[in-house]
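Me: I want to practise reading helix packing, sheet order and a ligand shell. Please take me through them on one example.

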Amino acid sequence: TSYYDNYDEAVCLPEIHLSRQPPKEKAKAAFVVLVRNSEQEDIASSIINLEDKFNKNFHYPYVFLNEEPFTDEFKVAMTKASPNAQMTFGLIDKTRHWGYPSWVDQDYAAQCRKDMLANGVMFGEKESYHHMCRFQSGFFFDHPLLANYDWYWRVEPGVKFFCDITYDPFLYMQKYNKLYGFVVTLQEMPATIPTLWKTVLEYAQSRRIDTTMKGRSLFPFFRDQDGHGNEYNYCHFWSNFEIASLNLWRSPAYRDFFNYLDQTGNFFYERWGDAPVHSLGAGLLLETDQIHYFEDIGYQHDLYRHCPSKQSGKGCRCDCPVGTTEKSIDHDNYYDTCLPQWRKWVKTSDARKA
Ligand code: GDP
Ligand code: MN
């Protein structure tokens, strides 16, 4: 088997460099990188690492997005980080996709940011962070530079990949009918989303979407009491890593969901993150089988790290650090991991199907 005929994430193929042999089949896919000029070094390190572990053999293109024009220096640095990959640099439409919508009261938003600072809501005081979360929730997939793609892999500055990836995750998703893939699942900080859950339930009710265990949807995974409760368990898929379908977010159903959330102004009055918004949106639209846990992808963002375990038989030539104090989210009792809930949920939904 070559890297391009491999559809099994548990198969670790020998280290070979296929760069001169073009793949037989490629997905319509790109890396999507929302980033600032000031993050040049950290994003270059992400790319050098990702090229080494995966993309030197697969040659997927990078699409960089920014609400400010990228500098020549930034572009040159990116080209250096991956001399072979195709790269495009896009500007975000500031009036439609980054500014305030007409219905948001900007004075009130400023007051809310002050309150969030006083109340220790992480990043709540940063105006740009709100725009970023809203953009990632509702607009990135409409950027013209992504128009010809069906799939994306989100990459952030300063992340690390620890294992070789000797198959094409996009083709894997396509082949197994997956639409959303994650590596880390965690609990959201409640103070960032005081009214998100309530708004999502209202939305579901208004559109007559069944969010209970009676349905087949992913949604009850996010309910407390193992899917039977009425409260949010705060679990979500961490969105700094995502391999997912662009068309999922482009669907009329997701757009309707996002617009409903956006009308509340709470991307600004609260600090709704794109991670819980994507997760709960996927919850309403997808079935559990359409979500893929990339257990084989060793990954770190900030201090949170996932490394494939020996017992899983997954992960190819991983060089995960050992004996450091960083937070491995795989550890059973790591306080905010949702991985145990996820494993249990997958089991029970398989059982319900059988
Ligand atoms: P965190 O992962 O939640 O700690 O937030 P980050 O600061 O990493 O931001 C998430 C992503 O959005 C990263 O890829 C950042 O580079 C990007 N980002 C955040 N704020 C801005 C911004 O104001 N402008 C641009 N262009 N990118 C941003
Ligand atoms: Mn980040």
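Reply: We take helix pairs, then the sheet, then the ligand. Keep in mind that this is a predicted model.

Me: How do I read a pair of packed helices?

Reply: Two packed helices are described by the angle between their axes and the distance between the axes. Start with helix H1 (residues 40-55) and helix H2 (residues 72-81). Their axes lie 9 Å apart, at an angle of about 20 degrees.

Me: Is H1 roughly parallel or oblique to H2, and why?

Reply: Angles under 35 degrees count as roughly parallel. Therefore H1 is roughly parallel to H2. The crossing of H1 and H2 is right-handed.

Me: Which residues of H1 and H2 meet?

Reply: From H1 come Gln 40, Ala 44, Ile 47 and Ile 48. They meet Phe 74, Ala 77, Met 78 and Ala 81 in H2. By class, the residues of this contact are 7 nonpolar and 1 polar, with no charged residue.

Me: Now H9 and H11. At what angle do their axes cross?

Reply: Helix H9 (residues 252-263) and helix H11 (residues 274-285) cross at roughly 135 degrees, and their axes come within 10 Å. Angles over 145 degrees would count as roughly antiparallel, and 65 to 115 as roughly perpendicular. The crossing falls in neither range, so H9 is oblique to H11. The hand of the crossing of H9 and H11 is right-handed.

Me: What fills the contact of H9 with H11?

Reply: H9 brings Ala 253, Tyr 254, Phe 257 and Leu 261. H11 brings Val 277, Gly 281, Leu 284 and Leu 285. The contact divides into 7 nonpolar, 1 polar and no charged residues.

Me: On to the sheet. In what order do the strands run?

Reply: The sheet is open, has 7 strands and reads E3-E2-E1-E4-E9-E6-E10. Its pairing is mixed. Strand E3 (87-91) and strand E10 (291-293) are the edges, each pairing on one side only. Neighbouring strands are turned by 20 degrees against each other on average, direction ignored.

Me: Do E1 and E4 pair in the parallel or the antiparallel sense?

Reply: Strand E1 (residues 29-34) and strand E4 (residues 151-154) pair in the parallel sense, over 4 bridges. One to find in the view: Ala 29 has Trp 151 in E4 as its bridge partner.

Me: Last, which residues are around ligand 1?

Reply: Leu 34, Val 35, Arg 36, Glu 39, Asn 66, Glu 67, Ser 128, Met 132, Glu 156, Pro 157 and Asn 240. By class, the shell has 4 nonpolar, 3 polar and 4 charged residues.

Definitions and conventions. Residues are numbered from 1 along each chain as its sequence is written. Chains are lettered from A and ligands numbered from 1 in the order in which they are written. This is a predicted model: local features need pLDDT of at least 70, side-chain atom pairs count only at pLDDT 80 or more; totals for chains, interfaces and linings use all residues. A residue is near a molecule or strand if its C-beta atom, placed from the backbone, lies within 6 Å of it. Ala, Val, Leu, Ile, Met, Phe, Trp, Tyr, Cys and Pro count as nonpolar, Asp, Glu, Lys and Arg as charged, and the others, Gly among them, as polar. Axes are lines fitted to C-alpha atoms, for helices over the stretch in contact, and angles run from 0 to 180 degrees between N-to-C directions. Helices (H or I, at least four residues) and strands (E, at least two) are DSSP runs, numbered from the N terminus. A crossing is left-handed if the near helix is turned anticlockwise from the far one by less than a right angle, and right-handed if clockwise. Two residues are in contact if their C-beta atoms, placed from the backbone, lie within 7 Å. Two strands pair if DSSP finds at least two bridges between them.
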